Amino acid sequence: MSAPAAPLLEVRDVELRIGGLHILRGVTFDVREHEFFTVIGPNGAGKTSLLNVLSRIYRPTTGSVAFDGRSLLDVSRTGLADLGIARTFQNLALFEHMDVMDNVVLGRQRLMRSGVLTGAVWWGRAHREETEARQACEPLIDLLGLGAFLNRPIRDLPYGIKKRIELARALAVEPRLLLLDEPAAGMNDEETDELAGWILTAKQELGLTVVMIEHDMGMVTRLGDRALVLDFGTVVTIEAPRAAIADPRVIRAYLGDETAAADPTATGNVALDIPGDRARKAKRA
Ligand SMILES: Nc1ncnc2c1ncn2[C@@H]1O[C@H](COP(=O)(O)OP(=O)(O)OP(=O)(O)O)[C@@H](O)[C@H]1O
Ligand SMILES: [Mg+2]
């Protein structure tokens, strides 16, 4: 019998201190290749900080992070794309005045030597590379059903489409590992369902490994193979999403009181309905 494959991502004993704050405490986990790994936890638990460690925005105070057997801490933030790691951000980060194609093509910058959208340079290699980059993005545009919006400025598009464009831009990096920070933030239920479908399509078609932070428990249980629950920078548990959100320790972390657990049947078998998430949705609605 052959030995199981080494994990794609190995996080060991990560501590993160910034100023006087102890943000991550002994965080340890593995993500297997092709896994859909989710990270949940109350507001301020340290989820984005963890993603910032994985994407080299924050350097852990101690601990290690390895990707495909190689220490990520020796790789620069810009070098991550070369390794095959891409991310999206909690707040939408698109160039509103540019069109859809230009925003997606920006994601390919690491694959181009001349840079994109140089404007004045329309001859030689830069022109050729830009043309190739646009052609290379076309299958991605098709995969994510964005063809109808191609030449529209971002600012004119509905929020749900913008989030899908952000996903396309991250995928233009041609990543092996995709890091998503609350892709459904600010979306209504319909938009969330739709985006979940696109993420799943992309994962399956492109053979991705995904680490996704998300407050929407319906999305976490639908997409996730496992959920890591963070609370005050500490890992509470790592288990199947449905088991995790029914875990009394997790319910306590969210609500501070185990007895306040919602009726599991009330939210489509999702035991945990997070007040904070409802508040976010209400804010945008
Ligand atoms: N650069 C920083 N400087 C100071 N404090 C920080 C910094 N980054 C994160 N923190 C603090 O670390 C804690 C965790 O923040 P983080 O953004 O990681 O939480 P989160 O789990 O992503 O929360 P949310 O669900 O609201 O997005 C918070 O108390 C936050 O204020
Ligand atoms: Mg966050």
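These legends accompany close-up views of a predicted model.

**View 1. The largest nonpolar core of the predicted model.** This core holds 39 residues. Six of them touch the most other members: Val104, Leu146, Ile165, Leu171, Leu178 and Ile199. Several elements give two or more residues each to this core. The helices on that list are helix 3 (100-106), helix 4 (124-143), helix 5 (159-171), helix 6 (189-206) and helix 7 (217-223). The strands are strand 7 (177-181) and strand 8 (209-213). Helix 5 provides the largest share, 6 residues.

**View 2. Leucine 178 and its contacts.** Leu178 is one of the core members that touch the most others. Residues up to four places away in sequence are left out of its contact list. The remaining partners are Ala86, Leu167, Ala170, Leu171, Leu208, Thr209, Val210 and Val211. Apart from this core lies another, of 30 residues. Its members include Leu24, Val39, Leu51 and Leu73.

**View 3. Lysine 162, a buried residue in helix 5.** Lys162 sits in helix 5. Is this lysine buried or exposed? Lysine 162 counts as buried because its relative accessible area is 11%, and the cut-off for buried is under 20%. Its contacts, not counting residues up to four places away in sequence, are Leu92, Leu94, Glu96, Ile154, Arg155 and Leu157.

**View 4. The shell around ligand 1.** Ligand 1 is surrounded by 16 residues. The closest are Gly44, Lys47, Ser49, Tyr58 and Gln90. Which elements each supply at least two residues of this shell? They are strand 2 (21-31) and helix 1 (47-54). Helix 1 gives the most, with 3 residues. Sorted by class, the shell has 6 nonpolar, 7 polar and 3 charged residues.

**View 5. Polar contacts of ligand 1.** Three residues are shown here: glycine 44, serine 49 and tyrosine 58. Glycine 44 takes part through its backbone: one of its polar backbone atoms is 2.8 Å from an oxygen atom of ligand 1. Serine 49 uses its side chain, where an N or O atom is 2.6 Å from an oxygen atom of the ligand. Tyrosine 58 also presents a side-chain N or O atom, 2.9 Å from a nitrogen atom of ligand 1. On its own, ligand 1 has 630 Å² of accessible area, and the protein covers 64% of that.

How values were computed:
Residues numbered from 1 in each chain as written. Chains lettered and ligands numbered in written order. Predicted model: local features only at pLDDT ≥ 70, side-chain atom pairs only at ≥ 80, totals over all residues. Heavy atoms only, no water. Core = buried A, V, L, I, M, F, W, Y, C linked by side-chain atoms within 4.5 Å. Buried < 20%, exposed > 50% of the residue type's maximum accessible area, 1.4 Å probe, protein only. Helix = DSSP H or I, 4+ residues; strand = E, 2+ residues; numbered from the N terminus. Contact = heavy atoms within 4.5 Å. Near = heavy atom within 4 Å. Polar contact = N/O pair within 3.5 Å; in protein donor to acceptor, adjacent residues only side chain to side chain. Areas by Shrake-Rupley, 256 points an atom, 1.4 Å probe, with all protein chains shown as cover. Nonpolar A, V, L, I, M, F, W, Y, C, P; charged D, E, K, R; others polar.
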